[in-house]
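Here is a guided walk through one model, written for someone who likes to check geometry against coordinates. Keep the viewer open and follow along.

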Amino acid sequence: MLLDKSVDYIPVLMVHEDPKNYPHVEPAEGYTIRGYLPGDEEHWARIECAVGQFDDYEKARACFVREFLSQPERAATNCLFAIAPNGMPVGMLSLWYGGILGDDCMRLHWLAVDPDHQGKRLSQALMTAAMDLYVSQGHTGKLFLWTSTHSNQAVRLYKRFGFVPYRGEKPKGWGVENYPADNERAWEIIDAKNKAYDELKARKFDLTLARSFGYASVTEENMADAVAAGITHIEIAPGTMSVDFGKSDADQAELKAKKEMLDRLGIRVLSVHLPFGWDWDASTTNEAHHVFLLERQLNYAKLFAIFNPERYILHPCYWPIPETESAVRIAHIRQNAATIAFQTGKQVCIEDLKIGRIGGSSDELLVLGEGLSNVGFCVDVNHFMRERPEDAIRKLGNRVWSLHISDYDFVDERHWLPGEGSNDWTAILQALEDVGYKGPFLYEVKAYYTNAQVAENKKALFDAYNKR
């Protein structure tokens, strides 16, 4: 564990009342524990510098020589080293004579593990090995260790092994002048730090799993399979929706049947993706055509209001736009989003698009949504070509209301499962957590990925993120 130098340095002692009672922990597979061998002082110095205990290699090496090598035979048994599978020492702890609490007391001294090998149970295994030595060597006096406010996380480990804070008389030669007041202040600092750490560990970042389905694929078979995989929240997308859809009694009956089926299966429609393409692009520069196509989008939104979605997803435009048309189209896109939001009473999320289309960057999205009521953004992490998705999320902040999750190669949209492309998912999840995103983690991936694959992928992403 690295030192926490954000707090005042105050040394403290911990004692073990029953040193023969402690947990027994083995190191991770391939790692072993052994005693000191000539030359290990070089590794000791390297590791102490790596964890921040020393900033000078030679001073660290001299410390080991001074404290331990005056008794080389004892060092061979009582200076313990954790050995990596490649034979390199990567951690250490010593069982040594103390004296500070009495001549017969023993001390656990200089526990450290190379940061590159932490998470391998090496600190616990070294503690076990040192306390095994205490027992096997027949010691009966007190067992103590010296730590500090800078090592507040290590205190958690020591407590698990039975050590408790020392609050007795001032130890012989103890360098803290204002004792016991500073001792109590030190334990207040350590306890506060560990309480905050426990609270942080208890908070697991998670988001509701959802998936986008084309309207035609919203069938009883597909939806039952989704529920079986744990997907109970969806987005309905237009697919190859005809501009005439909804005009017939059969269309109306189908919409009603799908709604009843989703209700019966317990599936919630979070969003409806408004249609896109030349026949739907209401950003057009022709004013009469713009009004006509906006009305077409509104009719579609009202038609799908039967599913009671929380929001509508809007592509701002279709194909790449000439620079000369940008101003008019931006004005129309803003009008489209505001009108749909106002007339439906639902959120409208403007989705980012690829290069050449308006809305191809977070800066452009902010222009499109500036000052509009009930209008936010849907971040498609498979569309950004000019910036990283995590950077865009941070710029858009709390106006990110929905997501389209998939992976790609930064060349073109691919709609692969996360992990199959180039996105940095830890960075994306961190950005979402940092901006306080509470919406769905909504997959928009190719149809050949099964619902079970989607659910497993989401679980793996969040498990890995929360275990960091």
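Aspartate 424 sits in the loop between strand E14 (400-404) and helix H13 (425-434), in a model that is predicted. Is this residue buried or exposed? Aspartate 424 has a relative accessibility of 34% and therefore counts as partly exposed, given that buried means under 20% and exposed over 50%. Its side chain makes polar contacts with backbone nitrogens: a polar side-chain atom of aspartate 424 lies 3.3 Å from the nitrogen of threonine 426, and the side chain reaches the nitrogen of alanine 427 at 3.1 Å. Beyond its neighbours within four places in sequence, aspartate 424 is in contact with Arg388 and Glu390. Arginine 388 is 36 residues away in sequence, yet the C-alpha to C-alpha distance to aspartate 424 is 8.8 Å.

Another aspartate is worth a look. Aspartate 40 belongs to helix H1 (residues 40-50), and its relative accessible area of 3% is why it counts as buried. The side chain of aspartate 40 reaches the backbone nitrogen of leucine 37 at 2.7 Å. Leaving out residues up to four places away in sequence, aspartate 40 touches Arg34, Gly35, Phe81 and Pro89.

The side-chain to backbone-nitrogen contacts of these aspartates can be set side by side:

| Side chain | Backbone nitrogen | Distance |
|---|---|---|
| Aspartate 424 | Threonine 426 | 3.3 Å |
| Aspartate 424 | Alanine 427 | 3.1 Å |
| Aspartate 40 | Leucine 37 | 2.7 Å |

Back to H13, and on to its packing. H13 and helix H14 (residues 451-466) pack with their axes 10 Å apart, at an angle of about 75 degrees. That angle makes H13 roughly perpendicular to H14, because angles of 65 to 115 degrees count as such. On the H13 side the residues that meet H14 are Trp425, Thr426, Leu429, Gln430 and Glu433, and their counterparts in H14 are Leu461, Phe462 and Tyr465.

Now for the nonpolar interior. In soluble globular proteins, nonpolar side chains tend to be buried together. Which residues touch the most other members of the largest nonpolar core? They are Ile234, Ile236, Leu262, Phe304, Leu432, Phe441 and Tyr443, in a core of 74 residues. Helix H9 (residues 287-303) gives the most to this core, namely six residues. A second core, separate from that one, has 37 residues, among them Val12, Leu122, Leu126 and Ala129. Phenylalanine 441 makes a good place to zoom in: not counting residues up to four places away in sequence, its contacts include Leu207, Leu209, Leu403 and Ile405, as well as Trp425, Leu429, Leu432, Leu461 and Phe462.

Next come the strands. Eight of them form an open sheet with parallel pairing, in the order E14-E13-E12-E11-E10-E9-E8-E15. Its edges are E14 and strand E15 (440-443), each of which pairs on one side only. On average, neighbouring strands of this sheet are turned by 30 degrees against each other, direction ignored. Within the sheet, strand E11 (residues 311-314) and strand E12 (residues 347-351) run parallel and are joined by four bridges. Isoleucine 313 stands opposite cysteine 349 in E12.

Strand E1 (residues 11-16) pairs in the other sense. E1 and strand E6 (residues 143-148) are antiparallel over six bridges, with leucine 143 of E6 as the bridge partner of histidine 16. E1 also pairs with strand E7 (residues 163-165), antiparallel over three bridges, and there valine 15 has valine 164 as its partner. Six of the six residues of E1 are buried, so E1 is largely enclosed by the rest of the structure. Both faces are covered, with Pro11, Leu13 and Val15 on one side and Val12, Met14 and His16 on the other.

Finally, some backbone geometry to check. Most residues other than glycine have a negative phi, and most peptide bonds are trans. The bond from tyrosine 179 to proline 180 is cis, with omega near 15 degrees, and proline 180 lies in the loop between E7 and helix H6 (181-202). Tryptophan 110 has a positive phi, near 60 degrees; this residue is in strand E5 (residues 102-113) and is buried, with a relative accessible area of 18%. Histidine 415 has a positive phi near 60 degrees. Histidine 415 lies in the loop between E14 and H13 and counts as buried at 16% relative accessibility.

Key
Residues are numbered from 1 along each chain as its sequence is written. This is a predicted model: local features need pLDDT of at least 70, side-chain atom pairs count only at pLDDT 80 or more; totals for chains, interfaces and linings use all residues. Side-chain values use heavy atoms; hydrogens and water are left out. Helices (H or I, at least four residues) and strands (E, at least two) are DSSP runs, numbered from the N terminus. Buried means under 20% relative accessible area, exposed over 50%, partly exposed in between (1.4 Å probe, protein chains only). Contact means heavy atoms within 4.5 Å. A polar contact is a pair of N or O atoms within 3.5 Å; within protein, one must be able to donate a hydrogen and the other to accept it, and residues adjacent in sequence count only if both atoms are side-chain atoms. A nonpolar core is a set of buried Ala, Val, Leu, Ile, Met, Phe, Trp, Tyr and Cys residues joined through side-chain atoms within 4.5 Å. Two strands pair if DSSP finds at least two bridges between them. Axes are lines fitted to C-alpha atoms, for helices over the stretch in contact, and angles run from 0 to 180 degrees between N-to-C directions. Angles under 35 degrees count as roughly parallel, over 145 as roughly antiparallel, 65 to 115 as roughly perpendicular and the rest as oblique.
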